[in-house]
Amino acid sequence: MASSKGKRITIIISLIVLILVIITIAGYFYVKKQLDAKNSDSKEKIVVEIPAGANAKKIGNILEDEKVINSATLFSYYVKYTNEMNLKAGRYELSPSMDTEKIVNVLKSGKTAVPERLVVPEGYSLDQIADRIVQYAPTLKKKDVLAKMDDHTFVEKMIESYPDTVTKDVLNQAIKHPLEGYLYPATYEFKEAEPKIDTILEEMVKATQLNLAPYREELKKQKKSVHELLTMSSIIEKEATENVDRKTIASVFYNRLDEKMRLQTDPTVLYALGKHKSRTLYKDLKVESPYNTYLNNGLPPGPISNSGKSSIEAALYPAKTDYLYFLANTKTGKVYFSKTLEEHNKLKEEHINGN
């Protein structure tokens, strides 16, 4: 009797163990299936936007809603179990043919999808614009973009096509890059999936021509060339912060030119050096270059960046002031103007050296 009862208990335990094993195996294959690619044969590319601050659960819900993964819950568990918490925000090109591990690796890498538009911020140099172009059109190479920007034949074509904007001034031998300042900062869209370099650059030159159209009469009245305007506005663009009155900065530069004083503006030195630096050193000010406004009188040979509307208008319509100096507090962004060197040095000691 006891033996029979013991056998029944053994059988029951064996059945429970068997059921648990079956459940475990079934659970394993279920989880594996859910973490595998939703459709390994899919050729579909889906651009998914992951917002900043999204946790694993929210990211999983987004991916499931976009039909990229099978289960948001299991995606969230996978991320937590594998401790893959460093997922980055951005626009990603994903596919249902990717398994969970591959998707997580993409989100960790931060390698976002190709942007739908070419966005060129105000104040960018040609080198920075080239970076944006190859990000927008990955089949292009930066060295080819930069080469085309400086290509004599292409520049001559721009002079011929847009004579009111791109003039022979850009061919001055002292100029580092003929089209610097002539590629308008804006957002661009192209019909072609893979536009050519020529197409992209010409569209930007054309935008400069269109955006300068309202100022043609004023330029004639002031007897300023487009090249002079774009050169001055490019310096204002690099010197100005978001909070400052660009027209007041412009007044300082024009006042110094009227007084036969050198502009002594750091961005021209950095452009001469060909470097992006947060701080200009004293030794940098000695660089031998026609762009160095600490060593040379007047404007540099050409623009040092590509300026937007507010800086162009500041260069054309400067404020009327007696200021000859200004400095910016890099921590607060506030700009301080002064009429004399004594005032300037006092402000420098108080807001720059004192920090």
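Start by selecting Gln 34, then show what it touches beyond its neighbours within four places in sequence: the contacts (heavy atoms within 4.5 Å) are Asn 70, Ser 71, Leu 74 and Thr 100. Gln 34 belongs to helix H1, residues 2-35; helices here are DSSP runs of H or I with at least four residues, strands are runs of E with at least two, and both are numbered from the N terminus. Gln 34 has 15% relative accessibility, so it counts as buried (buried is under 20% relative accessible area, exposed is over 50%, and partly exposed is in between, with a 1.4 Å probe and protein chains only).

A word on what is loaded: this is a predicted model, in which local features need pLDDT of at least 70 and side-chain atom pairs count only at pLDDT 80 or more, while totals for chains, interfaces and linings use all residues. Residues are numbered from 1 along each chain as its sequence is written, and side-chain values use heavy atoms, with hydrogens and water left out.

**Zoom out to the whole chain**

Now show the full trace, with its 14 helices and six strands. Along the principal axes, the C-alpha atoms fill a box of roughly 120 × 50 × 35 Å. The radius of gyration is 31 Å, whereas a compact globule of 355 residues would have one near 20 Å (taken over C-alpha atoms, with the globule rule being 2.2 Å times the number of residues to the power 0.38). Colour by burial and 41% of the 355 residues come up as buried. The accessible surface comes to about 20,600 Å², and carbon and sulfur atoms account for 51% of that (Shrake-Rupley method, 1.4 Å probe; for residues, only the protein chains shown count as cover). If you draw the contacts between residues at least 6 apart in sequence, 61% of them join residues at least 24 apart.

**Into the nonpolar cores**

Next, select Ile 133 and Met 149. Within the largest nonpolar core, which has 63 residues, these two touch the most other members (such a core is a set of buried Ala, Val, Leu, Ile, Met, Phe, Trp, Tyr and Cys residues joined through side-chain atoms within 4.5 Å). Helix H8, residues 197-212, supplies the largest share of this core, with seven residues. Which residues does Met 149 contact, leaving aside its neighbours within four places in sequence? Light up Leu 126, Ile 129, Ala 130, Ile 133, Val 155, Pro 178, Leu 179, Leu 183 and Leu 201. Another core, of 22 residues, lies apart from that one; Leu 35, Ile 46, Ala 56 and Val 68 are among its members.

**The aromatic stop**

Switch to sticks for the rings: there are six aromatic pairs in the structure (Phe, Tyr and the six-membered ring of Trp pair if their centres lie within 6.5 Å; planes under 30 degrees apart are stacked, over 60 edge-to-face, and the rest tilted). Select Phe 253 and Phe 326: the ring centres are 5.7 Å apart and the planes stand at 80°, so this pair is edge-to-face. Phe 253 is in helix H11 (residues 246-258) and Phe 326 in strand S5 (residues 325-328), so the pair ties together parts that are 73 residues apart in sequence. Both residues, Phe 253 and Phe 326, are buried.

Add Phe 337. Its ring centre is 6.0 Å from that of Phe 326 and the planes are at 40°, so the pair is tilted. Phe 337 lies in strand S6 (residues 335-338) and Phe 326 in strand S5, so this pair links parts that are eleven residues apart in sequence. With Tyr 323 added to the selection, you have one aromatic cluster: Phe 253, Tyr 323, Phe 326 and Phe 337.

**Charges over rings**

Two lysine and arginine side chains are worth a look here. Lys 176 lies over the face of Tyr 271, 4.8 Å from the ring centre (NZ of Lys or CZ of Arg must be within 6 Å of the ring centre and within 35 degrees of the ring normal). Arg 256 has its charged end over the ring of Tyr 325, at 5.2 Å from the centre.

**Last stop: three lysines in loops**

Select Lys 67, in the loop between helix H2 (56-65) and helix H3 (72-81). Its phi is near 60°, a positive value in a residue other than glycine. Lys 223, in the loop between helix H9 (216-222) and helix H10 (226-239), also has a positive phi, of about 55°. Most residues other than glycine have a negative phi. Finish at Lys 260, in the loop between H11 and helix H12 (266-273); at 71% relative accessibility, Lys 260 counts as exposed.
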